Amino acid sequence: MKTIPHWINGSSTEGSGTRTQPVFNPATGEQQAHVALGSATDVDIAVEAASAAFESWSESSLSQRIQVMFAFRQLLLEHEEELGRLISAEHGKTVEDARGEVMRGREVVEFTCGLGDVLKGSYSDQVSRGVDVHNFRQPLGVVAGITPFNFPAMVPLWMHPVAIATGNTFVLKPSERDPSAANFVADLYRRAGLPDGVFNIVHGGKDAVDAILDHPGIEAVSFVGSTPIAKYVHRTATEAGKRVQALGGAKNHAVVLPDADLDFAANHITAGAYGSAGERCMAVSVAVAVGEAADALVEALERQAREVTVGPGDAPGTDLGPLVTKAAQERVENAVGTAAAQGAAVVVDGRGLKVDDPTYADGFFTGPSLLDHVTAEMDAYQQELFGPVLAVVRVDTFDEAIELINANPYGNGTALFTASGEAARRFQRRVKVGMIGVNVPVPVPMSYYSFGGWKDSLIGDSPVHGPEGVRFYTRPKVVTTRWPRTAVQQAAAGFSFPTSV
Ligand code: NAD
């Protein structure tokens, strides 16, 4: 059985660690590979390679770096299908969905192809007699990314193209559950002409993460994953003096007002709830039915949920693939049981679903579940289930819906379904959430905006990619310049604080 290696200084290496972890095919339940689990020594070696590469990469011209990004973008486009299949085989999501994440990740590379404009400094002429001021931004050095299983290509692509195009070098610690996409991407970078050592991968779990968080050679850490680990990463790495962006978990509400087109809303909420088996940080996990919208909405959601096709991710026609691990499948199915015990109505029960083909008898499948009459006190509302479970909470008024969202500890994404522009405007101004959709269930921003939630969905203050990503991976310098020529300008320096006259 193959071992998925690290990627350090432009080539594969099994590293110094002797530990490995199994990688499964979630559709069959079988182990298909091992992944090397990196040690502190592997992180040291990767940081050393990245530090050495930084010396020349940070001196390369912006045009050279952008040329690499153009070539990399083309390779991502040409290999979208292959990369999508690789992701599907380890994650479980459908190939079509996996291709979608590659495309959304590629958009970040496209953003970096226009970096010249975003990186422009500003210039102020004659701020004082004969004195001008300009500013510019420089890369930080070696930066690291620690990423979750649910988007093994896209989430790292939120980080490394921006870091690398701005002149940094990068060490990625991908999820140990679906590690192969990272290595595939590393090879595309190599083929795009990226010098050795600029992009490195150390696979592993907590040991590798801890070595990154404490490493004196790493200037900044980008993290995406669950909230408890985001808090840990933020605390530990900021204490070690690093710049940190840490994106956490989510509980995303879709509010449906009685004036909405209920079939349209149900259709989009169903896709947003069960797509990628609910393993998206922007998945719709709570539908908030306002007033008289409730009965008709639940009826339409039930109809739609019963039409979802569950199967292996590479079979044509599959809407919903398996969950990533057996543990995830058990956790989600237990959560449905707990919801029922706590008084929720299980309108559609996805537990115990078996795919017809015996090849997939041991796959980590669970069907879509729809829970009605869920209340804010129930576990199904309070916990991030990260599975194909949609909870319907019924409220009487629009204000109550907004209060519910604002009282929730998470604030990643939210959506409103309505025909009223006034309601939409009120919603977007009042909800304490970072990314908002109006009749759009999964409002993931384009790459030239930045991605990030509020509250427990983003620890620290920096969203990823777009202008905020550029700001995160660079630091500013302001230069005050004088080229003395006239007698006045050559006058002796004064001892009092300089004033702008
Ligand atoms: P996770 O927190 O378990 O793992 C994320 C990363 O942290 C992985 O690389 C993992 O190896 C590492 N890690 C795990 N436990 C650790 C520990 N104890 N110490 C140090 N490092 C540790 O998350 P996951 O299960 O891979 O991904 C799902 C979670 O990610 C969900 O909560 C989801 O909402 C969140 N997520 C958030 C966003 C966002 O943009 N806010 C995007 C994608 C996923």
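UniProt positions are given here in the numbering used for this chain, and such annotations may be inferred rather than shown by experiment. With that in mind, UniProt lists residues 16-479 as "domain: Aldehyde dehydrogenase", in an unreviewed entry. What you have on screen is a predicted model. Over residues 16-479 the chain is 41% helix and 21% strand, and the C-alpha atoms at the two ends of that range sit 45 Å apart.

Let's start with the overall layout. The domain assignment splits the protein into domain 1, made of 3-248 + 457-478, and domain 2, which covers 252-438. Take the centres of domain 1 and domain 2 over their C-alpha atoms, and 31 Å separate them. Where the two touch, domain 1 puts in 18 residues and domain 2 puts in 25 residues. On the domain 1 side of that contact, the elements giving two or more residues are helix H3 (80-91) and helix H4 (95-113). H3 has the largest share there, with 3 residues. Sorted by class, this side of domain 1 has 6 nonpolar, 8 polar and 4 charged residues.

Now for the ligand. Where does it lie relative to domain 1 and domain 2? Both domains give residues to the shell around the ligand, so it lies between them. That shell is made up of 27 residues, and the closest are Pro 148, Gly 225, Ser 226, Gly 249 and Cys 281. By class, the shell divides into 12 nonpolar, 11 polar and 4 charged residues.

Next, the inside of the protein. The largest nonpolar core has 77 residues, and Val 171, Ile 212 and Val 221 have the most contacts inside it. Click on Val 171 and look at what surrounds it: leaving out residues up to four places away in sequence, Val 171 touches Ala 46, Val 47, Ala 50, Val 142, Ala 144, Asn 200, Val 202 and Ile 212. Apart from this core lies another one, of 67 residues, with Cys 281, Val 286, Phe 386 and Val 389 among them. You have already met Cys 281, as one of the closest residues to the ligand.

Phe 386 deserves a second look for its backbone. You'll find Phe 386 in the loop between helix H13 (379-382) and strand E17 (389-395). Its phi is near 50 degrees, a positive value in a residue other than glycine. Is Phe 386 buried or exposed? There are 25 other C-beta atoms within 10 Å of its own, so Phe 386 counts as buried. Lys 455 also has a positive phi without being glycine, with a value near 55 degrees. Lys 455 lies in strand E21 (residues 454-455). Lys 455 is partly exposed because 18 other C-beta atoms lie within 10 Å, and a residue needs 20 or more to be called buried.

To finish, zoom in on helix H10 and a strand that comes before it in the chain. Helix H10 covers residues 262-274 and holds Thr 270. Thr 270 is buried, with 25 other C-beta atoms within 10 Å. Beyond the residues up to four places away in sequence, Thr 270 touches Leu 301, Gln 304 and Ala 305. By contrast, Thr 270 and Phe 149 are 121 residues apart in sequence and 22 Å apart in space, C-alpha to C-alpha.

Ile 269 lies in helix H10 too. Ile 269 is classed as buried because it has 25 C-beta neighbours inside 10 Å. With neighbours within four places in sequence set aside, Ile 269 is in contact with Ala 254, Val 284, Ala 287, Leu 301 and Pro 441. Pick out Pro 441 from that list: Ile 269 and Pro 441 are 172 residues apart in sequence, but their C-alpha atoms are 6.1 Å apart in space.

The strand in question is E13 (residues 252-256), which is where Val 256 sits. Val 256 has 28 C-beta neighbours inside 10 Å and therefore counts as buried. Outside the four places on either side in sequence, Val 256 is in contact with Ala 265, Ala 287, Val 288, Ala 289, Val 290, Ala 293, Leu 297 and Phe 417. Ala 287 is also in contact with Ile 269. Val 256 and Pro 26, for their part, are 230 residues apart in sequence and 34 Å apart in space, C-alpha to C-alpha.

How values were computed
Residues numbered from 1 in each chain as written. Predicted model: local features only at pLDDT ≥ 70, side-chain atom pairs only at ≥ 80, totals over all residues. Helix = DSSP H or I, 4+ residues; strand = E, 2+ residues; numbered from the N terminus. Near = placed C-beta within 6 Å. Nonpolar A, V, L, I, M, F, W, Y, C, P; charged D, E, K, R; others polar. Domains from an automatic or database assignment. Contact = placed C-beta atoms within 7 Å. Core = buried A, V, L, I, M, F, W, Y, C linked by C-beta atoms within 7 Å. Buried ≥ 20, exposed ≤ 12 C-beta atoms within 10 Å, placed from the backbone.
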